[in-house]
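Work through the exercises below with the sequence and the coordinates side by side, and try each task before reading its solution.

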Amino acid sequence: MERVSKHNYYLDIAQTVSERSTCLRRCYGAIIVKNDVIVSTGYNGAPRGRQNCSDIGVCQREKLGIPRGERYELCRSVHSEANAIIAAPRDQMLGSTLYMVCTEPGTGEIVPGTSSCMMCKRMVINAGISTVIIRDTKDEFRIIDVNDWIVNDDSLSGVFGY
């Protein structure tokens, strides 16, 4: 019997977490893993107690035609990475790996080429997470050394989105 790779095992779990997303634009799921133990999970959705976009039936950023990766202050959602970080103790995030998957609402199809926004990158860096692994297809993924986000500081580029 052929076993699924460890990375795809965790990415499968992150993809399942994305099914809890309440975003009308993109569904994200993230899990933080350290020493083969899942520390926390997170998906994108409105802050606790507030109505979700799926409840009110509109995405403000979509309605205004805002490109992906821009003007997140208008988004109702807390991002999946942020929710996973909020739910985890810092000592368990130091040196950990964050696995992330983005899927299309409705179809559940994997969205390739996704990345963390600038705000989430900053939170991942400050949380002490060392690696981010992002799914591009059912079997393919990218491994990102978080130190690259420190050395190649995209916040200085003047380019928005991703």
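**Exercise 1: a residue and its core**

Task: list the residues that isoleucine 32 touches, not counting residues up to four places away in sequence, and then place this residue in a nonpolar core.

Solution. Taking contact as heavy atoms within 4.5 Å, isoleucine 32 touches Val37, Ile38, Val39, Ser40, Ala84, Ile85, Ala88, Met93, Ser96, Thr97, Leu98 and Ile129. The model is predicted, so local features need pLDDT of at least 70 and side-chain atom pairs count only at pLDDT 80 or more, while totals for chains, interfaces and linings use all residues. Residues are numbered from 1 along each chain as its sequence is written, and side-chain values use heavy atoms, with hydrogens and water left out.

Next, define a nonpolar core as a set of buried Ala, Val, Leu, Ile, Met, Phe, Trp, Tyr and Cys residues joined through side-chain atoms within 4.5 Å, where buried means under 20% relative accessible area, exposed over 50% and partly exposed in between (1.4 Å probe, protein chains only). The largest such core has 20 residues, and Ile32, Ile85, Met93, Leu98, Val124, Ile129 and Val132 touch the most other members. A second, separate core of nine residues includes Leu11, Ile31, Tyr99 and Val101.

**Exercise 2: positive phi**

Task: for asparagine 35 and arginine 71, state phi and exposure.

Solution. Most residues other than glycine have a negative phi. Asparagine 35, although not a glycine, has a positive phi of about 55°, and asparagine 35 is exposed, at 69% relative accessible area. Arginine 71, also not a glycine, has a positive phi of about 55°, and arginine 71 is partly exposed at 45% relative accessibility.
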